[in-house]
Structures are given as C-alpha cells and as structure tokens.
Amino acid sequence: MKPRFAFPLLLVLAVLFPAAASAVTPVCVSILPQKYFLEKIGGDLVDITVLVPPGASPHTYEPKPGQMVAVSKAKAYFAIGVPFENAWLGRLKAGNPDMPVVQTQSGVEKIPMAAHSEHEEAHAGKAEGDDHEEHAGLDPHIWLDPNLVKIQAKNIVEGLKTADPANAAAYAANYRTFLKECDALDATIRKTLAAASAAHSSFIVFHPSWGYFAKAYGLTQIPIEVEGKEPSPKELASLITFARDKGVNVIFVQPQFSEKSASVVAKEAGATLARLDPLAEDWNGNLLHAAEALRNAVK
Ligand code: ZN
C-alpha cells in the first residue's frame, strides 16, 4: 500500500524546486578575480568553479582530480592567459572536448613583464630558468586595470550568451551594469592616486603583478624578483641602496610568494612589509585598497 502523503510531498517539492527554471550553467575560471567578473555578469544563472585556490600561484598551479571532474561537466571555460593554462588547458579540454574555451584576454594589449633596469646587466650572464620563462615575456596580470577588465567582460558576456543563449538578455543587462562599475572604480582610483601620478612616483614590490595598474595610474613598479627568480646578493644590494636613497618606507609582498628577500630589503632600508594580493576575490574592494595603500607608500 502506498503511503498517503506521497503525492502531496512530491507536489510540494515540485513547487519548491521547479526543475526546468532552475537550470544553472556550470562554468570554470582560472583565478578568483574572474569569479567576481562571472558573478557580476552571470548572476545566479551560473555556477562557477575556480581552478587556482586562494593562496596558490597561477604561475605554477596544478589542478586537483576533483577539479578535473568539475571541468568535465562545465559548459564553458573562461581562460585569462595565466601561465598554468599553458600547461593544463589542453588536458582540461581533453576531458570535455565539446566545452568552449573563451579566451577572455583576447583584445587586451599586453606589456612586457617589469624588470628593474639597474639589474639587467648583472642578470645577463645567468642561465634562463625554464619554469618561469613567462617572466621574460608578456605580463599576464591583466585583471588589475579596470579598463582592461572591460575588454575581458565583453569576452565573458559573449561566451555566456553562446553557452546559454536562453538567458542572453539577462547577461547583456548585467554586462552593461558591470561596465558602469568598472568606470566608477577607475574614476575613484584615479582620484585617490592623482597626486602620486603627477609626481611619477614609484613603489617596490616582490613579484611584479601591478604593471598594468601602474601604467594606468601613472606609477612606476620596481620588482625585487628578477624574471621569476630571487635576486642575487648584488641585485639585492642595489635595491637596498635605491630604497634608502628614495626613503622608501613600505615594501609590498603578496601571499603567493616568499617574503624572504623582500624582508631583507625592508630591514636594511628601514621599511615595513605590506601585503597587496593581486588575486583577491573581492576585485573592486581590493583595487581600492591597493590604490589607498600605494598612495600612502609611493616615493
Ligand atoms: Zn604573477
């Protein structure tokens, strides 16, 4: 005999979880700031898997087996051109051959990775490391300039419309709202850094993540790291001299890299270490925080 409550229970479930209307599109992204962009443009219509977890470096990350499963079910992969994609995107795609890969960096004009010019001579005689060869090439950190993010947003909205055409109008509306957010953020950063830009101020950072940000807002980024490697004692000494001469009081580090050589420069130059995370998930709040931190630190 059937239990009498079976039919009403199913009815209640059907009302609570209408199957067709709640279809969410599963997508994958490489880094946390992209999750922010996809949430803004995709809203509740997408379910986002981030490949590089908090604290890991997109230069060297290797996906976990559980993530390979998530990618195998995704309706689109939103790439951004970070180095780990070179090694992994082919393999991820092999597990889901029908999945479109949206190159969100398409149309972004890349700049060379920052190098400290005073270090170039000392570095010239050294063998090139093959694991960090991207550092000798173009700068992948394109998500740290709101105007370049507008180009990425255009690629994201087109990718979402293709993956889920039924909701194209919603994606287009969200995209337009997000462009306004990018413009407002750019204006606020510009205002925050107006005095620093006018003086062409510079700041010292371990890993040169802030090249596009510096270019957009008229600052000069001086990296401690040299083409993906720790600096030599000679290079370190020249940075310390530079920091002392300029009266630099803050050296920036990021959680994905060692703070060792940065703390040596800071100690010798009488400066403190401060963290700027280029990969924070709260992209908007993080760029505002970076602008304020840099305004107070640039020389
Ligand atoms: Zn990096």
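In the predicted model, Ile222 is located in strand β6. The relative accessible area of Ile222 is 7%, and because residues under 20% count as buried, Ile222 is classed as buried. In sequence, Ile222 is separated from His207 by 15 residues. In space, the C-alpha atoms of Ile222 and His207 are 9.2 Å apart.

Strand β6, which covers residues 220-223, also takes part in the second largest pocket: β6 and α9 (211-216) are the elements that each give two or more residues to its lining. The largest contribution comes from α9, with three residues. The complete lining consists of Ile111, Pro112, Ala114, Asp139, Gly211, Ala214, Lys215, Leu219, Thr220 and Gln221. Sorted by class, five of the lining residues are nonpolar, three are polar and two are charged. The space in this second largest pocket amounts to about 150 Å³. Rolling a probe the size of a water molecule over the atoms shows where empty space is left.

Helix α7 was examined for its length and for its buried residues. The helix runs from residue 168 to residue 192 and contains 25 residues. At 1.5 Å a residue, α7 should span 36 Å, and the C-alpha atoms at its ends are 36 Å apart, so the expected span and the distance in the model agree. Within α7, the buried residues are Tyr171, Ala172, Tyr175, Phe178, Leu179, Glu181, Cys182, Leu185, Asp186, Ile189 and Thr192. Among them are the charged residues Glu181 and Asp186.

Definitions and conventions
Residues are numbered from 1 along each chain as its sequence is written. This is a predicted model: local features need pLDDT of at least 70, side-chain atom pairs count only at pLDDT 80 or more; totals for chains, interfaces and linings use all residues. Side-chain values use heavy atoms; hydrogens and water are left out. Helices (H or I, at least four residues) and strands (E, at least two) are DSSP runs, numbered from the N terminus. The expected span of a helix is 1.5 Å times one less than its number of residues. Buried means under 20% relative accessible area, exposed over 50%, partly exposed in between (1.4 Å probe, protein chains only). On a 1 Å grid over the protein atoms alone, a cavity is a set of points where a 1.4 Å probe fits but cannot get out, and a pocket is an open set with protein on both sides within 12 Å along at least five of seven lines; lining residues have an atom within 4 Å of a point. Grid points are joined across faces, edges and corners, and a volume is the space filled by probe spheres set on the points.
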